[in-house]
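Student: I've got a new model open and I'd like to learn how to read it feature by feature. Can you walk me through it?

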Amino acid sequence: MSKNPSLVSQINKNRIPEHIAIIMDGNGRWAKRKGHLRIFGHQHGVGAVRQVLEAGVEVGVKYLTLYAFSTENWNRPIIEVNALMELLVDTIEKEIPTFMENGVRLKVIGNQEQLPEKCRNQLAEAMEITANNDTLTLILALSYSGRWDIMEAVKKIAVQVKEGILSPEEITEKHMDLGLDTAEYPNPDLLIRTSGEMRISNFLLWEIAYSEIYFTPVLWPDFTKDDFYRAIIDFQGRERRFGKTSEQIA
C-alpha cells in the first residue's frame, strides 16, 4: 500500500492513464553518491520497478513500458553491460511469481537479436508463462531506441512498396503504427522521466507525439509508489487538447 493514503484518494479512478512509459534514470548517480559501482544502483533500481508495477496494478494502469536498456547502452563498459544482462535474467526469474500473483503479462520491444542467448531464453519463458495474464501488460524496452524502431518500420513499408503491395501515395500514419514494435499497444498517455534530466533520450519517438511528460528530480532507486501517484495526479490536472482548442474538447 501507499505510504501516503491521501495521495491515492486524490486520484480520479475514471481518468487513469491507460499507458504509462518511464525512463528510469539515475541508477549510476545514486550508486556513486553512496560510494558504490554503478551496478549497485541498477540492483537497487529493481525495487523501484516492483513499486511502480504494484502501484500500476492498484490504480488500474493497463500498460507500463520501462526503458530498461537502450541501443546506445551497448557502448557502456563491457563489465557494466554484462552485469546488467545478468541482473535482467535473475530479476525476471525471481519476479515471475509476482507477475502471476498480480496478473502481469510480460512483453518486450527492441532488437532482441542483440541480447545474449541466456537473456533471450529467459524472456521467452517468462512471456510464455505470463501470456494469459490480463491485469497489466509490462513492456520492457531492451536494446531499444526510437530511431531504430522508426527505421525498421520504414524498411517494412519499403518492402511493401517494392513488392507492389503499397504505392507511396497510399502510405499513411497507420502503416507506420503497424510497422513499429509497439504496434499492438496504445500510445503512452504519460511519459515519466526520473533524475531531473529533461530529455527524451531516443525513447518512443513516434509514439509520444501527444503524450504528457512528467519530469521528477527523484533518482530511480528512490522512486516509490507515492512518486508514481504524484505523476498520475499531475497528469490528471492537465488538459489534453491534441491540437484542438479548449472549447473544442469541452
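Tutor: Sure. Let's begin with the pocket: 37 residues line the largest one, and those nearest its centre are Met24, Asn27, His42, Tyr67 and Ala68. Keep in mind that this is a predicted model.

Student: What volume does the largest pocket have?

Tutor: About 870 Å³.

Student: And which element gives the most to the lining of the largest pocket?

Tutor: That would be H4, with eight residues. Helix H2 (27-33), H3, strand S2 (63-70), helix H4 (78-102) and S4 each put in at least two. By class, the lining splits into 19 nonpolar, nine polar and nine charged residues.

Student: How about the second largest pocket, what is its volume?

Tutor: It comes to about 180 Å³. Twelve residues line the second largest pocket, and Asn187, Trp206, Glu207, Ala209 and Tyr210 are the closest to its centre. Five of the lining residues are nonpolar, two polar and five charged.

Student: Pockets are open. How many cavities of 30 Å³ or more does a search of the whole structure find?

Tutor: The search turns up one. The volume of the largest cavity is about 30 Å³. Its lining is made of His19, Thr65, Thr182, Pro186, Asn187, Pro188 and Glu207, which by class are two nonpolar, four polar and one charged. You met Asn187 and Glu207 a moment ago, among the residues closest to the centre of the second largest pocket.

Student: Let's turn to helices. What's the general idea for reading which way the side chains point?

Tutor: An α-helix has 3.6 residues a turn, so residues three or four places apart point the same way. For a case here, take H3. Its buried residues are Gly41, His42, Gly45, Val46, Ala48, Val52, Leu53, Ala55, Gly56 and Val59. One of them, His42, also lies among the residues nearest the centre of the largest pocket.

Student: What span should helix H3 have, and how far apart are its end C-alpha atoms?

Tutor: H3 covers residues 38-59, so at 1.5 Å a residue its 22 residues should span 32 Å, and the end C-alpha atoms are 32 Å apart, in agreement with that. Right after H3 comes Gly60, with a positive phi near 100 degrees.

Student: How should I read a positive phi in general?

Tutor: Most residues other than glycine have a negative phi. With that in mind, look at Ser201: not a glycine, yet its phi is positive at about 55 degrees. Leu204 isn't a glycine either, and its phi is positive too, near 50 degrees.

Student: Where does Ser201 lie?

Tutor: In the loop between strand S5 (190-193) and strand S6 (212-215). Leu204 has its place in the loop between S5 and S6 as well.

Student: Are Ser201 and Leu204 buried or exposed?

Tutor: Ser201 has a relative accessible area of 30%, so it is partly exposed. Leu204 is at 1% relative accessibility, which means it counts as buried.

Student: What is Ser201 in contact with, leaving aside its neighbours within four places in sequence?

Tutor: Tyr67 and Arg193. There's a long jump in sequence to look at as well: Ser201 and Glu72 are 129 residues apart along the chain, while their C-alpha atoms are 9.6 Å apart in space.

Student: Tyr67 keeps coming up. How do I read aromatic pairs?

Tutor: A pair of aromatic rings is described by the distance of the centres and the angle of the planes. The count here comes to eight aromatic pairs. In one of them, Tyr67 and Tyr144 sit edge-to-face, at 6.1 Å centre to centre with 80 degrees between the planes. Tyr67 is in strand S2 and Tyr144 in strand S4, so the pair ties together parts 77 residues apart in sequence. Both Tyr67 and Tyr144 are buried, and with Trp148 and Phe203 they form one aromatic cluster.

Student: Let me finish with another residue of S4, Thr137. Is Thr137 buried or exposed?

Tutor: Thr137 counts as buried, because its relative accessibility is 5% and the cut-off for buried is under 20%. S4 itself covers residues 136-144. Leaving aside neighbours within four places in sequence, Thr137 is in contact with Lys62, Tyr63, Leu64, Arg105, Lys107 and Tyr185.

Technical notes. Residues are numbered from 1 along each chain as its sequence is written. This is a predicted model: local features need pLDDT of at least 70, side-chain atom pairs count only at pLDDT 80 or more; totals for chains, interfaces and linings use all residues. Side-chain values use heavy atoms; hydrogens and water are left out. Helices (H or I, at least four residues) and strands (E, at least two) are DSSP runs, numbered from the N terminus. Buried means under 20% relative accessible area, exposed over 50%, partly exposed in between (1.4 Å probe, protein chains only). Contact means heavy atoms within 4.5 Å. The expected span of a helix is 1.5 Å times one less than its number of residues. On a 1 Å grid over the protein atoms alone, a cavity is a set of points where a 1.4 Å probe fits but cannot get out, and a pocket is an open set with protein on both sides within 12 Å along at least five of seven lines; lining residues have an atom within 4 Å of a point. Grid points are joined across faces, edges and corners, and a volume is the space filled by probe spheres set on the points. Ala, Val, Leu, Ile, Met, Phe, Trp, Tyr, Cys and Pro count as nonpolar, Asp, Glu, Lys and Arg as charged, and the others, Gly among them, as polar. Rings of Phe, Tyr and Trp (its six-membered ring) pair if their centres lie within 6.5 Å; planes under 30 degrees apart count as stacked, over 60 as edge-to-face and the rest as tilted.
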